[in-house]
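The exercises below are meant to be worked through with the sequence and the 3D view side by side. Try each task before reading its solution.

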Amino acid sequence: MAFRVPTANLSVVNLTCRLENPAKCNNFKKMVKQALEGPLKDILGFTEQQVVSFDFNSDTHSSTFDAWDGTALNDHFVKLISWYDNKFGYSNRVVDLMSHMASKE
């Protein structure tokens with residue numbers, strides 16, 4: 001798999017993991033979807049579409065899990081992909097933090 005991210009503000013995480021305990025790639029997708037309904041709601045995104053870097057321009061999520069490009073070589077070796085807008089996602093988390101701080105006054 002090759003990545004070309006020809007934009008100034010978009011990037012991708014290509015996380016490759018060797019697992020001690022066996023796990024299926026679909027299990028990771030299910031876990032991410034569960035987190036999206038709970039503590040990571042509105043922070044982490046999820047897509048099963050075929051996407052390119054520009055699709056995430058001005059995305060409000062801190063990162064968007066790319067279920068389409070995630071893969072497993074076997075039950076002990078997985079590759080997880082997540083896209084993000086360096087500036088827009090961060091800016092939205094700062095707004096979240098300011099809103100949280102204002103609610104504590």
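**Exercise 1.** Is Asp 96 buried, partly exposed or exposed? Work this out, then place the residue and its charged partner in the fold.

*Solution.* Keep in mind from the start that this is a predicted model.

Step 1. The relative accessible area of Asp 96 is 39%, and since partly exposed covers the range between under 20% (buried) and over 50% (exposed), Asp 96 counts as partly exposed.

Step 2. The side chain of Asp 96 meets that of Arg 93 in a salt bridge, with an N to O distance of 2.9 Å. Both residues lie in helix 2, 3 residues apart, which is about one turn of the helix.

Step 3. Arg 93, in helix 2 (residues 88-103), also has a polar side-chain atom 2.8 Å from the backbone oxygen of Thr 60. When neighbours within four places in sequence are left aside, the contacts of Arg 93 are Asp 42, Ile 43, Thr 60, His 61 and Ser 62.

**Exercise 2.** How many salt bridges does the structure hold? Examine those that join separate parts of the chain.

*Solution.* Step 1. The count is 3 salt bridges, and the pair of Asp 96 and Arg 93 from the previous exercise is one of them.

Step 2. Lys 24 and Asp 75 form another, with 3.1 Å from N to O between their side chains. Because Lys 24 sits in the loop between strand 1 (10-18) and helix 1, and Asp 75 in the loop between strand 4 (71-74) and strand 5, this pair ties together parts that are 51 residues apart in sequence. Lys 24 is partly exposed at 47% relative accessibility, and Asp 75 is partly exposed at 28%.

Step 3. A salt bridge also joins the side chains of Glu 48 and Lys 33, at 3.8 Å from N to O. Here the pair links distant parts of the chain, 15 residues apart, with Glu 48 in the loop between strand 2 (44-47) and strand 3 (63-66) and Lys 33 in helix 1. Glu 48 has a relative accessible area of 47% and is partly exposed, while Lys 33, at 37%, is likewise partly exposed.

**Exercise 3.** Why is there no disulfide between Cys 17 and Cys 25?

*Solution.* Step 1. A disulfide requires two cysteine sulfur atoms within 2.5 Å.

Step 2. The cysteine sulfur closest to that of Cys 17 belongs to Cys 25 and is 11 Å away, which is too far for a bond. Cys 25 is in no disulfide either, as its nearest cysteine sulfur is that of Cys 17. The count for the structure is therefore 0 disulfides, given the cut-off of 2.5 Å.

Step 3. With a relative accessibility of 14%, Cys 25 counts as buried.

**Exercise 4.** Which residues make up the largest nonpolar core, and which elements give two or more residues to it?

*Solution.* Step 1. In soluble globular proteins, nonpolar side chains tend to be buried together.

Step 2. The largest nonpolar core has 10 residues, namely Leu 19, Ala 23, Phe 28, Val 32, Leu 36, Leu 44, Phe 65, Ala 67, Val 78 and Leu 80. Helix 1 (25-37) and strand 5 (77-85) are the elements that give two or more residues to this core, and the largest share, 3 residues, comes from helix 1.

Step 3. Leu 80 touches Phe 28 and Phe 65, and also Val 13, Asn 14 and Leu 15, when residues up to four places away in sequence are not counted.

Step 4. There is also a second, separate core of 6 residues, among them Leu 10, Val 12, Phe 56 and Trp 83.

Notes
Residues numbered from 1 in each chain as written. Predicted model: local features only at pLDDT ≥ 70, side-chain atom pairs only at ≥ 80, totals over all residues. Heavy atoms only, no water. Buried < 20%, exposed > 50% of the residue type's maximum accessible area, 1.4 Å probe, protein only. Core = buried A, V, L, I, M, F, W, Y, C linked by side-chain atoms within 4.5 Å. Helix = DSSP H or I, 4+ residues; strand = E, 2+ residues; numbered from the N terminus. Contact = heavy atoms within 4.5 Å. Polar contact = N/O pair within 3.5 Å; in protein donor to acceptor, adjacent residues only side chain to side chain. Salt bridge = Lys/Arg side-chain N within 4 Å of Asp/Glu carboxyl O.
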